[in-house]
Amino acid sequence: MILIVEDEIKIARFVQLELEHEGYEVKHIVDGNEALESALENNYELIVLDLMLPGLSGTEVLRRLRRVKDTPVIILTARDRVIDKVDGLDTGANDYMTKPFAIEELIARIRVHLKRSKEGNSRIAYGKLVLDASARTAMYGETEIELTKKEFDLLLYMLSHKGEVVTREDALAAVWGFEFYGNTNVVDVYVRYLRSKIDDVFGITVVRTVRGSGYIVK
């Protein structure tokens, strides 16, 4: 869902209708305080933010949001001075557009930032260890780790459930599929493979054994 924070009702309504026509779900909020509260409580895909708002200013909304979230934000405002643009981008905006604007350009920029956000969400990090689910690559710093398909899938599943105890049965169902009828010890074997390629090489501990239960990344 996209959040529009705009106190000019006609502009907000116009943008909302155009975005909904493109297939997006849209919510509109007028007040800065309400917008900040909603942005913190919900996981919006993107926020279109005016700067001149009742309650909190758009700049302050963005500043407080950036303390805890990296939701993509496009500033859409009448302020067209260079200093305003620099301040908005330095505060954490992903993009800056001035009014009057072409709706086609705004929609194009929204598409770009949503795509970048989705690509970013495909990456899972554990310290210097980074897995890219889209590219199916595993990196430790600048060093690429060569993993088989099952090794990668198992590590990705473990990192995706960081902080949770993963049983061998859970791992089998997620990585090998419910149709797999082999021994659950196959998970132990692949965990050892991962440790030989990551822990032993880089001196870290990623997947820890929880005796009698399974494994955990924490």
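Helices (H or I, at least four residues) and strands (E, at least two) are DSSP runs, numbered from the N terminus. Residue numbers start from 1 along each chain as its sequence is written. The model is predicted, so to speak of local features we need pLDDT of at least 70, side-chain atom pairs count only at pLDDT 80 or more, and totals for chains, interfaces and linings use all residues, while side-chain values use heavy atoms, with hydrogens and water left out.

**Whole chain first**

Zoom out: you have 9 helices and 11 strands on screen. The radius of gyration (over C-alpha atoms) is 22 Å, well over the 17 Å from the globule rule for 218 residues (2.2 Å times the number of residues to the power 0.38), so the protein is more spread out than a compact globule. Its C-alpha atoms fill a box of roughly 65 × 35 × 30 Å along the principal axes. Of the 218 residues, 44% count as buried; buried means under 20% relative accessible area, exposed over 50%, partly exposed in between, with a 1.4 Å probe and protein chains only.

**Select 123-145**

Here 4 strands make an open antiparallel sheet, ordered β6-β7-β8-β9 (two strands pair if DSSP finds at least two bridges between them). β6 (123-126) and β9 (143-145) are the edges, each with a single partner strand, so one side of each has no neighbour in the sheet. Now colour β7 (residues 129-132) and β8 (residues 137-140): 4 bridges join this antiparallel pair. Show side chains and you'll find Leu129 opposite Tyr140 in β8.

Add helix α6 (residues 149-160), which packs on the sheet and touches β6, β7 and β8. Its direction makes about 110° with that of β7 (axes are lines fitted to C-alpha atoms, for helices over the stretch in contact, with angles from 0 to 180 degrees between N-to-C directions). Contact means heavy atoms within 4.5 Å.

**Hop to Gly127**

Gly127 sits in the loop between β6 and β7. At 70% relative accessibility, Gly127 counts as exposed. Draw a distance from Gly127 to Ile204: they are 77 residues apart in sequence, yet 9.8 Å apart C-alpha to C-alpha.

**Finish at Asp199**

Which helix holds Asp199? That's α9 (residues 199-202). At 12% relative accessibility, Asp199 counts as buried. Leaving out residues up to four places away in sequence, Asp199 touches Leu194, Ile204, Thr205 and Val206. For a last close-up, look at the backbone nitrogen of Val206, which lies 3.4 Å from a polar atom of the Asp199 side chain.

Methods: Polar contact = N/O pair within 3.5 Å; in protein donor to acceptor, adjacent residues only side chain to side chain.
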